[in-house]
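The exercises below ask you to read strands, helices and domains from a structure, and each is followed by a worked solution. Please look at the sequence and the model before you begin.

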Amino acid sequence: MPSLKDLRSRISSVKSTRKITSAMKMVAASRLRKAQEAAESSRPFAERMDRMLGTLAGSVVGLPGAPRLLAGTGETQRHLLVVVSSNRGLCGGLNSNIARNARVLIRELQADGKDVQILCVGRKARDLLKRDHQKLIIDTFEDWGRRTVSYGEAEQVAQRVLDMFDDDQFDVCTLIYNRFRSAISQIPTRQQLIPFPVPSGANDNEADTAGGEPAAIYEFEPSEEGILADLLPLNVKTQVFRAMTENYASEQGARMTAMDNATRNAGDMLGDLTLQYNRTRQAMITKELIEIISGAEAL
Amino acid sequence: MAETTEFELVSPDRLLVSEAVEMVVVPGLEGDFGVLPRHAPMLSTVRPGVIDIHEGGQVKTRLFVAGGFAEVTEDRCTVLAEEAFTLDDVAPDAANERLRSARDDVAEAGDAFAKARAEKAVSVAEALVAAVSR
């Protein structure tokens with residue numbers, strides 16, 4: 001039976017925990033709104049980018065001079081995984097889901113005899129992956145997403161990936177991040193970044209042309225290859241940026257939910273503890289009274 | 001009302017403009033080009049500079065873009081810019097300040113990547129200063 005003093009200190013510690021979690025919940029809720037807006041407003045760019053690239057890629061893919069970012073290196077031996085996670089914890093199962101997803105993919109790839117490298121974006125991915133795959137992690141980006149995710153921060157990550165690709169350090173690059181669906185639902189998503197997956201829509205275009213409906217024939221300025229050479233790296237940056245904003249929104253959503261649960265649990269616990277405290281106190285008073293009375297009777 | 005074309009200006013973090021316009025002049029890599037309705041389809045690289053939206057023979061809105069891509073079809077003109085904002089928001093001092101800090105960055109840049117990045121920022125800032133003072 002815990003003493004009154006123990007109970008009192010537990011009650012006060014649970015109380016302060018509840019204060020912290022409810023404050024974190026409110027912070028996450030206000031950031032969530034902004035992050036969600038950011039995630040949603042980064043979608044139009046990515047969509048139009050896809051449309052433009054689809055138009056271009058359809059006409060260039062398969063040609064011998066196609067850029068490497070589009071056509072790949074012709075091999076699939078070496079894989080680079082870019083794992084996007086949050087920098088801070090206390091956001092429920094968000095990061096462990098991502099890490100589990102990454103581990104499954106790593107195991108699959110290794111079972112196929114592929115080489116795997118990992119680039120961590122966010123401290124938590126590194127923390128969770130380093131136990132099993134310490135040797136595969138080549139670098140971690142930590143210093144981002146303090147308030148919001150800026151395009152510059154995403155550009156740094158993307159530039160690193162592009163430099164590595166130019167340096168011929170990997171063949172295929174896959175991005176793993178949490179796609180934001182709602183505050184309570186975030187979906188771990190894998191997306192192939194390099195080579196650019198040519199959408200099936202590009203082939204439809206050709207089918208349209210064959211069907212007598214002429215697809216728009218574009219003029220290119222400066223040239224098809226010139227535009228692609230600029231557009232493809234920009235696409236990589238955009239996709240990384242989108243992954244990071246989506247993940248950031250997911251993080252805030254997950255944290256809000258987790259902290260809401262924690263606050264509620266703390267409230268329940270506080271109720272139980274207070275009840276126990278009052279009972280114990282009453283029991284002690286009764287015990288003391290009995291002692292006094294029986295002492296008086298004995299005289 | 002005259003025929004219009006759908007103009008959209010998108011930067012990575014938001015959709016800046018989406019409206020029907022009579023004419024828009026875009027700074028292409030190989031020279032400015034005006035887009036009117038029923039323009040031939042084309043794709044072009046955009047250099048840092050100013051996009052002018054024209055209405056009734058007058059420039060209605062001036063927007064600054066820090067480079068990107070433009071897609072033009074018969075009834076649509078889409079510009080993807082790495083950075084974009086309306087020129088009204090920029091004071092000449094701010095533009096000059098940006099150019100100065102960009103030049104400082106070039107001087108301080110450590111590795112080649114930082115330098116290339118800073119030099120790009122300088123050319124963007126130069127275009128901005130030119131645009132503001134015009």
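**Exercise 1.** Find how strand E1 (residues 78-84) of chain A and strand E4 (residues 172-182) of chain A pair, and then place both in their sheet.

*Solution.* E1(A) and E4(A) pair in the parallel sense over 5 bridges, where two strands count as paired if DSSP finds at least two bridges between them, and where strands (E, at least two residues) and helices (H or I, at least four) are DSSP runs numbered from the N terminus. One such pair in detail is Val82(A), whose bridge partner in E4(A) is Leu175(A).

The next step is the whole sheet, which is open, has 5 strands in the order E3-E2-E1-E4-E5 (chain A) and shows mixed pairing. Strand E3 (137-141) and strand E5 (185-194) of chain A stand at the edges with a single partner strand each, so one side of each has no neighbour in the sheet. From one strand to the next, the twist averages 20°; angles here run from 0 to 180 degrees between N-to-C directions, and axes are lines fitted to C-alpha atoms, for helices over the stretch in contact.

Finally, helix H6 (residues 151-166) of chain A lies across E1, strand E2 (115-121), E3, E4 and E5 of chain A, and runs at about 155° to E3(A).

The model is predicted, so local features need pLDDT of at least 70 and side-chain atom pairs count only at pLDDT 80 or more, while totals for chains, interfaces and linings use all residues. Residues are numbered from 1 along each chain as its sequence is written, chains are lettered from A and ligands numbered from 1 in the order in which they are written, and side-chain values use heavy atoms, with hydrogens and water left out.

**Exercise 2.** Describe how the axes of helix H4 (residues 94-111) of chain A and helix H5 (residues 123-133) of chain A cross.

*Solution.* The two axes come within 9 Å and cross at roughly 40°. H4(A) and H5(A) are therefore oblique to each other, given that angles under 35 degrees count as roughly parallel, over 145 as roughly antiparallel, 65 to 115 as roughly perpendicular and the rest as oblique. The contact (heavy atoms within 4.5 Å) involves residues of H4(A) including Ala99(A) and Ile106(A), and residues of H5(A) including Leu128(A) and Leu129(A).

**Exercise 3.** Work out the direction of helix H1 (residues 92-108) of chain B relative to helix H2 (residues 112-133) of chain B.

*Solution.* Their axes come within 8 Å and cross at roughly 160°, and H1(B) and H2(B) are therefore roughly antiparallel to each other. Among the residues that meet are Leu99(B) and Val106(B) in H1(B), and Val122(B) and Leu128(B) in H2(B).

**Exercise 4.** Trace the partners of strand E6 (residues 58-73) of chain B.

*Solution.* Begin with strand E5 (residues 42-55) of chain B, which runs antiparallel to E6(B) and is joined to it by 13 bridges; Val46(B) stands opposite Gly68(B) in E6(B). These two strands form a hairpin with 2 residues between them, and Gly56(B) in the turn has a positive phi of about 55°.

Continue with strand E7 (residues 76-81) of chain B, which pairs with E6(B) in the antiparallel sense over 6 bridges, with Arg76(B) in E7(B) as the bridge partner of Thr73(B).

End with strand E8 (residues 84-86) of chain B, which is antiparallel to E6(B) and joined to it by 3 bridges.
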